[in-house]
Amino acid sequence: MKYTLDMDFSALEGAKAVNWVNRFRDMLEDAFSGSSNHARLLANLLMLEQFTCTVRQGMASTGMGLPAAIGQSFALLWNTLEGKNTPVEYEDLANNLWACTLHYNVGEEITDAQEEFYREALQDMGHAGKDWMILTWLSMLLLEQVVIAGGRLDFEEYGELEDCKQVSFVEAENMLNTLADACIDLTGTPFPSSFAKDYLKALDMVYQTPLFRQIVRQIQDAAKAALTAAPADYPALREEYRNRPILPDEFAEALLHF
């Protein structure tokens, strides 16, 4: 059976649904194999805007707002897409942001200058993890733009980035897996233990829930929009998707605590 991005996920059950999710990034690569980096970047942004919208809603319910670095990074990427700036203009920022996300996520050592950047530019970042997840995705997209344009990369040990020729879908895959895990709690799916067999059984059940199927439809819609969009469509898509949550409003705050 050939799995494709535009399949009706709600018609898939059991192993077929599992296979679709497991092959998500490969299906994105196949769907965008003949597309430009603009289309690939747009697809990432539309998917990420939806996730960010839900996180924004959750934070607003607790009286918080998104950190400034997230809004700044979104603006830079959308402006790049719309031809209003060039990656060389944010080469230093992209490298510093990536260094700081590595430091936060995996404890990578950073230089004194990067530590100062961390304290000053990222002082309003939270510690629940979702804002860092968003910033990690944004920083990867920014650095990919820099490398594709022939700019400087401060991380020679990261071969995939060093040889980057196309915008990747790594973080899109991470988002889908994160949301699948979150849906175990959000849907009250039985999960009696952390053993692998119970976790996989819970995921099997989650894939059949209306909530997860809705998430998949929204991701598919974002990818389809990116595949067919013309540059003139970008501003309207930007406004539409930044106000389109990936989860129903009632789950926004709960996602923050997952």
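1. T54 is a residue of helix α3 in this predicted model. Its relative accessible area is 0%, so T54 is buried. Leaving aside residues up to four places away in sequence, T54 is in contact with P245, I246, L247, A252 and L255.

2. Helix α3, which spans residues 37-61, also contributes R40 to a salt bridge with E29. The N to O distance in this pair is 2.7 Å. E29 belongs to helix α2, so the interaction ties together parts of the chain that are 11 residues apart in sequence. The two partners differ in their burial class: R40 is buried, with a relative accessible area of 1%, whereas E29 is partly exposed at 27%.

3. Helix α2 (residues 24-31) takes part in a further salt bridge through R25. The partner of R25 is E173, and the closest N and O atoms of the pair are 3.0 Å apart. E173 lies in helix α9 (residues 170-186), and the pair links distant parts of the chain, 148 residues apart. Which of these two side chains is buried, and which is partly exposed? E173 is buried, with a relative accessible area of 17%, a value that falls under the 20% limit for this class. R25, at 30%, is partly exposed.

4. The salt bridge between E82 and R238 has its closest N and O atoms 3.9 Å apart. That distance is within the 4 Å cut-off, so the pair is counted. E82 is in the loop between α4 (68-81) and α5 (91-106), while R238 is in helix α12 (residues 234-242). The partners are 156 residues apart, and the pair links distant parts of the chain. Both are partly exposed: E82 has a relative accessible area of 21% and R238 one of 23%.

5. Salt bridges with shared partners also join E91, D92, R152 and D154 into one network. Over the whole structure, the search returns 10 salt bridges. Among them are the pairs R25 with E173, E29 with R40 and E82 with R238.

6. As to charge, the protein chain carries 19 positive and 39 negative charges. The mean positions of the two sets are separated by 9 Å.

7. The secondary structure consists of 13 helices and 0 strands. Read from the N terminus, the order of elements is α-α-α-α-α-α-α-α-α-α-α-α-α.

8. How does the radius of gyration of the protein chain stand against the value for a compact globule? For 258 residues, a compact globule would have a radius of gyration near 18 Å, and the protein chain has 18 Å, so the two agree. Along the principal axes, the C-alpha atoms fill a box of roughly 50 × 40 × 35 Å.

9. Of the 258 residues, 50% count as buried. Among contacts with a separation of 6 or more, 70% come from residues 24 or more positions apart. The protein chain exposes about 12,000 Å², and carbon and sulfur atoms supply 51% of that area.

Terms used
Residues numbered from 1 in each chain as written. Predicted model: local features only at pLDDT ≥ 70, side-chain atom pairs only at ≥ 80, totals over all residues. Heavy atoms only, no water. Salt bridge = Lys/Arg side-chain N within 4 Å of Asp/Glu carboxyl O. Helix = DSSP H or I, 4+ residues; strand = E, 2+ residues; numbered from the N terminus. Buried < 20%, exposed > 50% of the residue type's maximum accessible area, 1.4 Å probe, protein only. Rg over C-alpha atoms; globule rule 2.2 N^0.38 Å. Contact = heavy atoms within 4.5 Å. Areas by Shrake-Rupley, 256 points an atom, 1.4 Å probe, with all protein chains shown as cover. Lys, Arg positive; Asp, Glu negative; His and termini not counted. Charge placed at Lys NZ, Arg CZ, Asp CG, Glu CD.
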